[in-house]
Structures are given as C-alpha cells and as structure tokens.
Amino acid sequence: MKKGGGRRYFRRDDILLLQGIRHLLYDCGQTIKKVQARLRDGDAAQIMALGDAHGAGPGTSKKPAAIDPAPAPAHVEDVEPVDTPEPPDPAQEDKAATKERLETTMQNLLAARARLKETLQKP
C-alpha cells in the first residue's frame with residue numbers, strides 16, 4: 001500500500017511471502033523460475049510459512065552475510081578440519097569460561113578462514 005509522500009506500507013503476509021521467497025532463492029538455491037512456478041501453482045501459503053519459519057522477527061533486521069567474490073574450487077585438498085570443543089551447559093559455566101571458549105572458537109574460525117583463502121589461491 002502506498003501512502004502520501006511515497007511511503008510504502010506492507011502487510012504482514014506480504015513480508016512473510018518475501019521472506020519465504022528469499023529463503024527459497026538464497027538458502028535453498030532454487031531458481032527464480034521455479035519460485036515463480038510455485039507461486040503460479042498456488043503455493044503462496046507454503047512459501048509464506050517458510051518466511052515465517054526462516055524470516056526475522058518483527059522489529060529486527062536480517063542483513064545478508066558478506067560474500068567473498070572468489071569462486072569456490074571444485075574440490076579442496078590438504079585442508080584439515082578444525083576441532084571445536086563441545087560447548088558446555090551455559091547454566092554451569094561462568095563468564096570467564098564463556099569468554100575463553102569464544103576466544104578459542106574465534107581463533108579456530110580465523111585459522112580456518114586463512115586455510116580456505118590459501119586453498120582458493122592455489123592454481
């Protein structure tokens with residue numbers, strides 16, 4: 001709905017439908033034509049349900065993650081998986097332990113990122 005001054009207002013159903021379409025395109029990898037065909041076949045209610053399940057709640061914004069433009073290789077060799085410790089029960093641990101666990105996880109992620117970049121740069 002368009003109001004004075006060019007402002008647009010959307011119903012909750014419209015937002016859920018858009019979130020469902022986004023989920024199908026970006027998370028499930030469906031093509032635009034497949035999503036259009038689903039909408040033509042009267043599948044809008046199911047797509048809205050996907051938007052409700054996977055979309056951001058009211059008042060929150062869900063920004064897409066930054067995407068590295070480098071293409072992924074067909075297969076990756078010489079990359080070892082990073083061992084991450086099992087997370088303990090949050091009710092049992094104190095703030096210092098949580099901070100230490102987060103720092104360890106961050107170091108592991110940065111190391112994995114460096115190995116991935118190194119692998120992608122190999123000819």
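The crossing of helices α1 and α2 is right-handed in this predicted model. Helix α1 covers residues 12-27 and helix α2 covers residues 32-40. They pack at an angle of about 140°, with their axes 10 Å apart. That angle makes α1 oblique to α2, because only angles over 145 degrees would count as roughly antiparallel.

So who touches whom here? On the α1 side you'll find Leu17, Ile21, Leu24 and Leu25, and they meet Ile32, Val35, Arg38 and Leu39 in α2. Sort the residues of this contact by type and you get 7 nonpolar, no polar and 1 charged.

Now for the salt bridges: a search of the whole structure turns up 3. Here they are, with the distance between the closest N and O atoms.

| Salt bridge | N to O distance |
|---|---|
| Arg11 with Asp14 | 3.1 Å |
| Arg12 with Asp52 | 3.3 Å |
| Arg38 with Asp43 | 2.8 Å |

Take the Arg12 and Asp52 pair, which links distant parts of the chain. Arg12 sits in helix α1 and Asp52 in helix α3 (residues 44-54), 40 residues apart. Arg12 counts as exposed, at 54% relative accessibility, while Asp52 is partly exposed at 46%.

Next up is Arg11, which counts as exposed at 56% relative accessibility. Its partner Asp14 counts as partly exposed, at 26%.

Arg38 brings us back to the helix pair, since this residue of α2 takes part in the contact with α1. At 21% relative accessibility, Arg38 counts as partly exposed. Is its salt-bridge partner Asp43 buried or exposed? Asp43 has a relative accessible area of 16%, so this residue is buried.

Notes. Residues numbered from 1 in each chain as written. Predicted model: local features only at pLDDT ≥ 70, side-chain atom pairs only at ≥ 80, totals over all residues. Heavy atoms only, no water. Axes fitted to C-alpha atoms, helices over the stretch in contact; angles between N-to-C directions. Helix = DSSP H or I, 4+ residues; strand = E, 2+ residues; numbered from the N terminus. Parallel < 35°, antiparallel > 145°, perpendicular 65-115°, else oblique. Left-handed = near helix turned anticlockwise from the far one by under 90°. Contact = heavy atoms within 4.5 Å. Nonpolar A, V, L, I, M, F, W, Y, C, P; charged D, E, K, R; others polar. Salt bridge = Lys/Arg side-chain N within 4 Å of Asp/Glu carboxyl O. Buried < 20%, exposed > 50% of the residue type's maximum accessible area, 1.4 Å probe, protein only.
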